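Hi everyone, thanks for coming. I'd like to walk you through one structure today, one piece at a time. Have a look at it first.

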Amino acid sequence: MKTPESAFAPAVPLSVTRIALAFAALAASPSVLLAHPNHAVSQVAAAAPRRDPQPPATTAPVRADARLSVTIRDAKLQQPTPARVRITDETGKPLGPLALTALPRNAPPAAEARLSLPGTVIGLPPQAIGIMYGPNDTAQGYAFQMDGAFYVNGSFDLAMPAGKFLITIAKGYEFVQQTEELTFKAGDHLIRAYDLGRWVDMPQRGWYSADDHIHLRRSPRENPLILDWVAAEDVHVGVLLQMGDFWTTYFAQYAWGEKGRYGAGEYVLTSGQEEPRTGELGHTISLGAQAFVRFQDDYFLYDKLFDRVHELGGVSGYAHQGMSFHGYRGMTLDVLAGKIDFLELMQFCVPEGPLAVEHYYRFLDLGYRLTALAGSDFPWCGRGARPGEEQVGAQIGNARFYTYVGDEFGFPRWLDGVKAGHTFVTSGPVIDLKVNGQIPGSAVDVKPGAKVRIVATANGHASQIPLRRLQVIGHGKILAEAKAGEPGQDASLLRLEFEHEVKHGIWLAARAEAGPSQMAHTTPVYVTAGGDGFHNRSNLTAQIDVSRKYLAEIRALLRAPTDTPRPSARSAPGPLAYREARARLEQRIAVAEAKLEELSRRR
Ligand SMILES: [Zn+2]
Ligand SMILES: [Zn+2]
């Protein structure tokens with residue numbers, strides 16, 4: 001049993017009534033955590049009023065009319081497996097504290113509901129896997145997920161009210177989720193066994209999923225618990241990001257490099273960082289490095305940090321598709337200077353999401369390699385979530401990326417695959433692209449005028465991930481498309497195979513769409529002709545102009561009339577406050593402009 005009862009020791013059982021009372025007391029005075037500026041994070045800990053003495057904690061199970069006992073196995077391995085469980089009533093509301101889904105995520109009662117001790121409230125079995133540090137990086141803990149689901153490892157036993165319910169057992173995107181209607185009369189004890197089968201086996205093909213963006217405070221003690229969460233979403237590599245701003249850091253990780261890794265079987269947790277993060281130049285992610293890197297005195301000199309991360313064996317890139325927090329400005333400096341490896345191309349945090357390609361295509365068109373990664377930004381950003389509002393859909397691995405690792409999984413091999421750019425991002429479908437037999441991230445050079453053979457496939461599942469279309473993209477344009485329903489194409493398999501004449505270099509990628517917000521996109525294969533570049537001649541001038549505009553925005557920032565930090569700038573006081581940062585940023589802008597000038601003379 002993995003229930004961290006001791007991790008919750010100070011907690012007391014909370015009834016729904018108590019939660020409702022607590023809401024009345026706490027709602028008036030939430031304080032603000034200096035976290036993601038647009039995520040409207042609030043915390044209750046600092047504002048908690050004095051409480052009356054509490055009854056002693058008890059682990060006695062809740063009383064109810066009936067009982068449900070469930071075992072969950074991996075159908076192929078015939079072994080108990082971690083999974084996500086959600087039980088809803090006839091109206092679609094999750095069983096458990098109603099406050100959880102009826103109120104915004106940041107409302108105090110939602111936090112209190114997640115604090116519920118497993119086994120002491122309706123809807124949360126003793127075997128539910130809870131952790132200590134909750135969504136606001138405080139010791140609120142949670143066992144309930146944002147949507148009222150919970151994680152278990154292989155089995156659970158739950159007190160149930162009489163009535164009709166729907167149970168859904170899921171394990172990431174490669175397994176077929178199971179849903180069953182269950183009816184309970186008083187005195188019933190239903191025993192159910194669910195065998196989760198796959199509709200696709202990516203590890204067998206050598207591809208392993210990862211979430212590059214999870215925020216959970218972690219000590220060695222939480223390792224087995226968080227690993228079960230990540231394995232319950234079938235995410236093979238969970239990258240836990242210590243998050244920073246100019247002032248401080250959040251979501252602490254206890255170690256970096258090998259010491260900070262924890263794994264069992266083919267699942268592993270690893271430390272990374274979302275730091276630096278500013279509203280002026282964007283949010284960045286680094287992972288795989290041997291240490292946490294932070295230069296508070298040079299906070300706006302992102303390149304200095306990226307150089308250090310590379311020295312320490314890691315990779316760096318921009319978060320949030322380069323869209324929010326003016327990430328496209330920082331990217332323009334750093335891509336042109338050759339300082340970063342990747343862009344987080346898929347995530348549910350931006351309104352254009354989960355797949356937002358504008359800045360990705362811009363740098364590819366300019367002729368720069370950029371690997372596509374993806375992540376959830378858990379505990380924020382769910383499907384259909386609007387930043388700052390209710391985000392009950394936040395879920396580890398909802399946006400994820402796959403890396404080609406080969407026959408044998410291991411973290412160093414996985415990191416090598418990321419460095420080589422052998423990736424695709426997805427919120428459901430899986431996708432495969434080969435150009436002259438080469439996978440995404442590879443370079444292919446041919447004689448000018450020669451043809452390359454392109455083979456792309458997308459796999460889906462007829463009901464769970466029903467494919468609609470598969471496209472091969474070249475220089476941002478659709479070169480070929482297959483749709484479900486066309487001869488030989490269907491909702492579970494789409495395939496394209498054709499030849500493309502290469503007069504000049506071109507970047508080629510595949511993308512797929514399935515159900516609502518289900519899509520996938522590969523890192524390109526970079527095709528060159530006679531050793532030339534793969535930049536896009538047809539829109540090079542336009543992309544250079546846009547890039548110049550973003551550089552001018554940074555320059556305007558540095559020449560603003562006042563040195564007074566904006567009171568609203570919570571992530572950092574702004575580069576104006578640092579004479580040295582201004583001088584260095586001016587230099588970096590000049591270097592980037594020279595690079596654009598050089599690109600403009602390219603044929
Ligand atoms: Zn961020
Ligand atoms: Zn984040």
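Let me start with a question: what covers the buried residues of helix 5? The cover includes strand 5, strand 6, strand 12 (237–244), strand 14 (262–264) and strand 15 (267–278). Before I go on, please keep in mind that this is a predicted model.

Okay, let's stay with helix 5, which spans residues 223–232. Eight of its 10 residues are buried, so helix 5 is largely enclosed by the rest of the structure. If you want to find the buried ones on your screen, look for Leu225, Ile226, Leu227, Asp228, Trp229, Val230, Ala231 and Ala232. Here's a general point about helices that may help you. An α-helix has 3.6 residues a turn, so residues three or four places apart point the same way. Just after helix 5 comes Asp234, and its phi is positive, near 55°.

Now, two of those covering strands belong to a sheet, so to speak, of their own. Four strands make up an open sheet, in the order 6-5-8-9, and they pair in the antiparallel sense. Strand 6 (150–153) and strand 9 (178–184) are the edge strands; each has a single partner, so one side of each has no neighbour in the sheet. From one strand to the next, the twist averages 30°. And helix 5 packs on this sheet, where it touches strand 5 and strand 6, with its direction at about 70° to that of strand 5. Looking closer, strand 5 (residues 82–89) is paired with strand 6 through four bridges, antiparallel. One pair you can pick out is Val85 with its bridge partner in strand 6, Phe150.

Let's zoom out for a moment. The chain has 603 residues, and 52% of them are buried. It holds 11 helices and 30 strands. If you take the contacts with a separation of 6 or more, 71% of them are between residues 24 or more positions apart.

What about the inside? The largest nonpolar core has 151 residues, and Val425 and Ala512 are the ones that touch the most other members. Helix 5 turns up again here: with seven residues, it gives this core its largest share. And which residues is Val425 in contact with, leaving aside its neighbours within four places in sequence? They are Leu345, Met346, Ala372, Leu373, Ala374, Ala399, Phe401, Ala520 and His521.

Some of those sit in strands that we'll meet again with helix 8, which runs over residues 358–365. Helix 8 is mostly covered, with seven of its eight residues buried. Those buried residues are His359, Tyr360, Tyr361, Arg362, Phe363, Leu364 and Asp365. Their cover includes helix 7, strand 18 (342–346), strand 19 (371–374), strand 28 (506–513) and helix 10. After helix 8 you get to Gly367, which has a positive phi, near 100°.

Helix 7 and helix 10 deserve a look as a pair. Two packed helices are described by the angle between their axes and the distance between the axes. Here, the axes of helix 7 (residues 327–336) and helix 10 (residues 540–558) come within 9 Å and cross at roughly 105°. The two helices are therefore roughly perpendicular to each other. Who makes the contact? From helix 7 you have Tyr328, Arg329 and Thr332, and from helix 10 there are Ser547, Tyr550, Leu551, Glu553 and Ile554. Sort those residues by type and you get four nonpolar, two polar and two charged.

Last stop, another open sheet. This one has three strands, in the order 22-24-27, with antiparallel pairing. Strand 22 (430–435) and strand 27 (493–502) are at its edges, each with a single partner strand, so one side of each is left without a neighbour in the sheet. The twist here averages 15° from one strand to the next. Strand 24 (residues 450–459) is joined to strand 27 by 10 bridges. For example, Asn459 has Leu493 of strand 27 as its bridge partner.

One final residue from strand 24: Ala450. Is Ala450 buried or partly exposed? It has 16 C-beta neighbours inside 10 Å, so it counts as partly exposed. Ala450 and Ala529 are 79 residues apart in sequence, while their C-alpha atoms are 8.2 Å apart in space.

That's my tour, thanks for listening!

Methods. Residues are numbered from 1 along each chain as its sequence is written. Chains are lettered from A and ligands numbered from 1 in the order in which they are written. This is a predicted model: local features need pLDDT of at least 70, side-chain atom pairs count only at pLDDT 80 or more; totals for chains, interfaces and linings use all residues. A nonpolar core is a set of buried Ala, Val, Leu, Ile, Met, Phe, Trp, Tyr and Cys residues joined through C-beta atoms within 7 Å. A residue is buried if 20 or more other C-beta atoms lie within 10 Å of its own, exposed if 12 or fewer, and partly exposed in between; C-beta atoms are placed from the backbone. Two residues are in contact if their C-beta atoms, placed from the backbone, lie within 7 Å. Two strands pair if DSSP finds at least two bridges between them. Axes are lines fitted to C-alpha atoms, for helices over the stretch in contact, and angles run from 0 to 180 degrees between N-to-C directions. Angles under 35 degrees count as roughly parallel, over 145 as roughly antiparallel, 65 to 115 as roughly perpendicular and the rest as oblique. Ala, Val, Leu, Ile, Met, Phe, Trp, Tyr, Cys and Pro count as nonpolar, Asp, Glu, Lys and Arg as charged, and the others, Gly among them, as polar.
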